[in-house]
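User: Please take a close look at the aromatic rings in this protein, how they pair up and what surrounds them. I would enjoy one connected walk-through that then moves on to the neighbouring parts of the chain.

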Amino acid sequence: MLDALRKGAGTWVAKIFIALLVLSFGVWGVADVLRNGFGQNVAAKVGGTEISLQDFDRAYRRDLNRFGQQLGRPLSTKEGAQLGIPQQTLGTLIAEAALNENARTMNLGISDEKLSVQIQQDPSFRSAGSYDPNLLKQILRNNGISEDEFVMEQRALAERQQLAQAISGGMVVPTAYLKVLHDYQSESRDVAYLLIEPSNLDEIADPDEATLQAFFEAEKAKFKAPEYRKITLLQLTPSTIARPDDISDEDAHAEYEANKQQYHEPEKRKVRQLSFTKSEDAKAAADKLATGMSFDDLMKELNLTDNDVYLGLMAKGDFLDPAIGDAAFTLEEGKTSDVVEGRFSSIILNVLEIQPEKTKPFEEVKDDIKVTLAREQAEREVLDLLGEIEDARAGGAKLKEVAERFHLDITTPDAIDSAGKNQAEAKVDLPDAKDLIAGVFDSDVGVENDPLQLGARGFLWYEVDEVIPSRDRTLDEVKDQVIAAWKEAEVEKRLAEKATELAEKARSGTDMAALAESNGLELKTADGIVRNVAAGDISGAAASQAFDGAEGSVFDVEAADKVGRLVIKVTARKTSEFNEADPANAALKTQLASQLQDSLLNQYISNVETKAGIHVNEAGIADVLGLGATN
């Protein structure tokens, strides 16, 4: 068939359309069209148009690959089914089939010549500026598609595009519609507002007993004691099993001799440095020093402090410029150098103090060496002990027995809640093991739990010894907290009442400035606020509410800090001038036109599907997905 097209149109460029639709259905070019013809095994049927299981399988695997690339790993067919990808794939294929069915009933078509030209216009198969038939054959072969199948699919695609273009291709956005959206997006509002904070209220006294009891009964659930759990912990780390006292002096001394350089400290000097960008300035300073001026007096003359010149206590290798280091280490203590030419400037050095090199004696570092050797030995023993402890637990031993058998220590911290706090609501000091608290509350008394990783080389075991159920606390237990909560609620209530009162007065015509003055508040303004965007005291939600009414409207709302209340009056409404030719509006017009076209086409396809009827082979699709009954 391709030969026939070549004869009809001369030289042509073939194209594989990887995209059929921009919509979820597929018309303008998004779905893979490299499919075989229809076969006996049908996945779905729209009217008289069939979708083969082979087509569905190929399209589904293509979609799986796309999602897998987004997730950064391949997806199996079963994983894809859990994500709902098969429904999306089948929906696209059904939409294509619906358009094919309608194009068939309407006798739409395209000539060989026109199809050939259409294929030639795609650069996908051009090499060095011209059509490459070998490239086409290679791509078709890689996708397992014959030339006839390819041309048939391109013909069907062209017919679908004809239908889609006739339905919605010429749709444009009315200027009035565009202006309404422009005005909505560009609108801003100016507001005047009063911020009422807790400090603006009179002091709130403690409630009487009856009020407090009633509040407690209504809010008792908030003061409920959570569930607590008592646990036993066993840690196995190099530090918990290290035995420095078992390391002999001989072994420690051998380690000392083998690594003696670690205990050696080179000679160090406290050095001050004067830097000069000009060599003549450095020479003039050196001449003053040579005639008897002290280094300190020279610093004063140059308006320099110790912070400006002091380099610190430095070894010779600490100097970035070797020339300066060499010069500093040739001076005697208290002496000053001549001009030293450094990499970036001319330098004069002064040595305040010299600390001779030394090696720490063995007795000074013996204990540290023993701790290090014991820890290294313990690191090797941890994994061996891990296996032995797990064997003991498999035999039914509890952590207390395990600790006694292997000379380890157990800990029994305060009972904890799910936040790691004790019954006094203080944070409990627990080992830093991931998922410890979650594991404790997923477990139960008598349940053997897997060890947790503790640090880089340690392990942690835990047992639940007791579950202390959640319970209602009495008022006496939490009286201070209840009083504080009542006051907090009372503040919130009084703020809301005050805001409502002032908002009503503002709506009745009282000037906002007068309200501010009579209530000891500050009148504030915010200009140019936009929908859903916070601005200082005004939250995003409050900013959005400012657009609900006309200019002059008043409302009260929670402040951005979620504590105070705002009384807001809209003082002005602004929109930018509408210019249809503006690039932003032109882009919006194009976007809206595309959305309208897509919406209309979606409705058309849905109507075609309804009239033609859709039949889905659920069992066949389940087999393709690996979800059949035998699986």
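Analyst: Let's begin with a word that will come up often: a residue is buried when its relative accessible area is under 20%, exposed when that area is over 50%, and partly exposed in between, using a 1.4 Å probe and protein chains only. This is a predicted model, so to speak of local features here requires pLDDT of at least 70 and side-chain atom pairs count only at pLDDT 80 or more, while totals for chains, interfaces and linings use all residues. Residues are numbered from 1 along each chain as its sequence is written, and side-chain values use heavy atoms, with hydrogens and water left out.

Now to the rings. A pair of aromatic rings is described by the distance of the centres and the angle of the planes. Rings of Phe, Tyr and Trp (for Trp, the six-membered ring) pair if their centres lie within 6.5 Å; planes under 30 degrees apart are called stacked, those over 60 edge-to-face, and the rest tilted. Applying this rule gives five aromatic pairs. One of them joins phenylalanine 56 and tyrosine 60, which is stacked because the ring centres are 5.9 Å apart and the planes meet at 5°. These two residues belong to helix α2 (residues 53–71), and they are separated by about one helical turn because they are four residues apart. For such labels, helices (H or I, at least four residues) and strands (E, at least two) are DSSP runs, numbered from the N terminus. Phenylalanine 56 and tyrosine 60 are both buried. With phenylalanine 216 and phenylalanine 223, the ring centres are 6.0 Å apart and the planes stand at 40°, so this pair is tilted. Phenylalanine 216 counts as buried because its relative accessibility is 2%, and phenylalanine 223, at 9%, also counts as buried.

Some rings have charged company. A charge sits over a ring if NZ of Lys or CZ of Arg is within 6 Å of the ring centre and within 35 degrees of the ring normal. Arginine 531 lies over the face of tyrosine 184, at 3.7 Å from the ring centre. Over the face of phenylalanine 329 you will find arginine 269, at 4.9 Å from that ring's centre.

There is also a cluster to visit: Tyr256, Tyr263 and Phe362 form one aromatic cluster. From here we can move on to helix α16 (residues 362–394), whose 33 residues should span 48 Å at 1.5 Å a residue; its end C-alpha atoms are 46 Å apart, which agrees. The expected span is 1.5 Å times one less than the number of residues in the helix. α16 has a kink of about 35°, centred on glutamate 381, where the bend at a residue is the angle between axes fitted to the seven residues ending there and the seven starting there. After α16 comes glycine 396, with a positive phi near 100°.

On the other side of the cluster, glutamate 255 is part of helix α11 (residues 249–258). Glutamate 255 counts as partly exposed because its relative accessible area is 26%. Leaving aside residues up to four places away in sequence, glutamate 255 touches Ile369 and Leu373; contact here means heavy atoms within 4.5 Å. Although glutamate 255 and lysine 366 are 111 residues apart along the chain, their C-alpha atoms are separated by 9.6 Å.

Two loop residues deserve a glance as well. Asparagine 107 sits in the loop between α4 (85–105) and α5 (112–120) and has a positive phi of about 60° although it is not a glycine. With a relative accessible area of 70%, asparagine 107 is exposed. Lysine 562, in the loop between β17 (554–558) and β18 (565–574), likewise has a positive phi, near 60°, without being a glycine. Its relative accessible area is 62%, so lysine 562 is exposed.

Finally, how confident is the predictor? pLDDT is its confidence in each residue, from 0 to 100. The protein has a mean pLDDT of 86, with 93% of its residues reaching 70 or more. Over residues 1–39, however, pLDDT stays under 50, and the model has 142 contacts beyond four places in sequence for that stretch.

How values were computed
pLDDT = per-residue confidence, 0-100.
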